[in-house]
Amino acid sequence: MVRQSLNAGRRRLLLAGGAGAALSACGSLPPPQERAPLARPAPELAAAAPPAPREFRAAWVATVANIDWPSQPGLSAEQQITEMRAILDRAVALKLNALILQIRTSADAFYDSRLEPWSEYLSGQQGRSPGYDPLALWIPEAHQRGLELHAWFNPFRARQSGAKSAPAPSHLSQTRPDWVKRYGDQLWLDPGEPGAAEHTLAVFRDVLQRYDVDGIHIDDYFYPYPVPQPGSDPAAKLELDFPDEPAWQRYVQGGGKLGRADWRRQNVDELVQRLHQLIRSTKPWVRFGISPFGLPKPALRPEGIAGFSQYDKLYADVERWLHEGWLDYLVPQLYWPRAQRAQAFAPLLDYWNAQNRQGRHIWAGLFTSRITPADKAEGWPVEEITAQIAHCRQAYPGSGHAHFSMVALSQNRRGLSEALQRELYAEPALVPATPWLEAGGPAAPQLAVQETGPAQLRLQLRPGPGKPVLRYALWQRRAGQWRFSTTQEAELLLERAGLEALVVSALDRVGNEGPRAALRLMAD
């Protein structure tokens, strides 16, 4: 930090904003005729600086089965917090700009909830408090580092197959067993039960109202992935039907006209649509994202694409959600290598972009954890993931991607993180703007440059009038080259040597960029 007792006679301060600039005294200054200007307003440079780089760079932080965090159940609060900060610091070092944190895995909670019990993946016992509120700490710790934090929910799963803890008395399997169905070795909320859907929406509402999340995120678990009928011939591929007979019969007896498959899809459609409406009416700046299974419905597939149908098996009509604009971003799980023809990466990415009639964000979901540790022979080469990212950039500039999951980046598997830092993530990027949520950016910021010594300058950033500012985009020109960075700080210390110009713009909560302010530094 700069000492407050700086020699007042050496300080020179200039303020610049979008509508002009004004010199301001700071302490006891020599008369203007004795003082060389430190910088001058330079509106012509505002357009000379390049556009702010945009790319969604995210990683999922999976908590189910302790995939990413915490590393095992039963750690102390201090150990969990240490691991949390290590993940956040690795994300910053990689120049990611968002994390997607799983906070509800199985009708449980990674936050202080009155609706559902604490997750067993925290303490080892469902319903046992970890001694602090993890989500209440993840959010400010992420924001302090310039990272977005998106809250990831599983809307219908009620017990995961690897769960070990007995259910807490407050778990829905105990309080509302009529909503909960056993399917294979898991428990699921029945999407056809109106009470189950209302409860799930209440969980989303509770988090939206009490936590400063940047996004609400759901993945590919709607109706469960099918499991074989017990005792059936595997060659026959007979599947166990989801046990929703009571809800189905009520629908039929109430005059429902849809077939059972279409009725199931309607149940999921209604949850997605109502969740979208809930977010808009509660905190309209929060983005709603879905990461579905990556293959299209069979009737619309590109030539050569084949495989599992989420439309027919999970009852997820993802194309409809995209066509209706019931989401802000789609992250299809494109979890196959580029050369795998039946699930080829590039045609699938093209397909989802072609379906994007409402102009929503399409960001590729990458199976980064298929890069295994170096002591395991199987797995993908690092070049598979870096090539997929490069393809996204070339085909859809300014789009983005998300890594599943953070563990592969944290472990730097096969030098993956080093390769990203060295090549694809050499410079930071802003999350793409979501202008359909909110129009216009903030006013141009006010800039103040002050000498703090022969080698440093202090840059002070102040928002202009009107719209609140979330962060600033900053360009520094040295030796004729612009260098981009972002900050949420009000003051920055900059190296004086070689600094020729500064350009700064302000961004709002949904990423809209306002007008730029610019200064030209004068030679000493």
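This tour moves through the structure in stops, each with residues to select.

The model is a predicted one, in which local features need pLDDT of at least 70 and side-chain atom pairs count only at pLDDT 80 or more, while totals for chains, interfaces and linings use all residues. Residues are numbered from 1 along each chain as its sequence is written, and side-chain values use heavy atoms, with hydrogens and water left out.

**Stop 1: the nonpolar cores**

Select Leu99, Trp138, Ile216 and Trp321. These are the residues with the most contacts inside the largest nonpolar core, which has 98 residues. A nonpolar core is a set of buried Ala, Val, Leu, Ile, Met, Phe, Trp, Tyr and Cys residues joined through side-chain atoms within 4.5 Å. Buried means under 20% relative accessible area, exposed means over 50%, and partly exposed lies in between (1.4 Å probe, protein chains only).

Which residues are in contact with Leu99, leaving aside its neighbours within four places in sequence? Among them are Ala59, Val61, Ile87, Trp138, Leu149 and Met406; contact means heavy atoms within 4.5 Å. Apart from the largest core lies another, of 18 residues, including Tyr472, Leu499, Ala506 and Leu521.

**Stop 2: helix H7**

Select residues 245-253, which form helix H7. Helices (H or I, at least four residues) and strands (E, at least two) are DSSP runs, numbered from the N terminus. Ala247, Trp248 and Tyr251 are buried in this helix. Seen down the axis of H7, the buried residues fall within an arc of 100 degrees, so they line one face of the helix. The arc is that of the directions from the helix axis to the C-beta atoms. An α-helix has 3.6 residues a turn, so residues three or four places apart point the same way.

Add residues 260-282 to the selection: this is helix H8, part of what covers the buried residues of H7. Then find Gly255, which follows H7 and has a positive phi, near 100 degrees.

**Stop 3: a sheet of three strands**

Select strands E7 (157-159) and E8 (180-183), the edge strands, each of which pairs on one side only. With E9 they form an open sheet in the order E7-E9-E8, and the pairing is antiparallel. Two strands pair if DSSP finds at least two bridges between them. From one strand to the next, the twist averages 35 degrees; axes are lines fitted to C-alpha atoms, for helices over the stretch in contact, and angles run from 0 to 180 degrees between N-to-C directions.

Now add E9 (residues 186-189), which pairs with E8 over four bridges. Which residue of E9 stands opposite Tyr183? It is Gln186.

**Stop 4: salt bridges**

The whole structure holds 32 salt bridges, a salt bridge being a side-chain nitrogen of Lys or Arg within 4 Å of a carboxyl oxygen of Asp or Glu. Select Arg520 and Glu44, whose closest N and O atoms are 2.7 Å apart. Arg520 lies in strand E22 (residues 513-521) and Glu44 in helix H1 (residues 43-48), so that this pair links distant parts of the chain, 476 residues apart. Arg520 counts as partly exposed because its relative accessibility is 30%.

Next, select Glu55 and Arg57, which meet in a salt bridge (2.7 Å, N to O). Are these two residues buried or exposed? Both Glu55 and Arg57 are buried.

Finally, select Asp241, Asp244, Glu245, Arg260 and Arg264, which are linked in a network of salt bridges.
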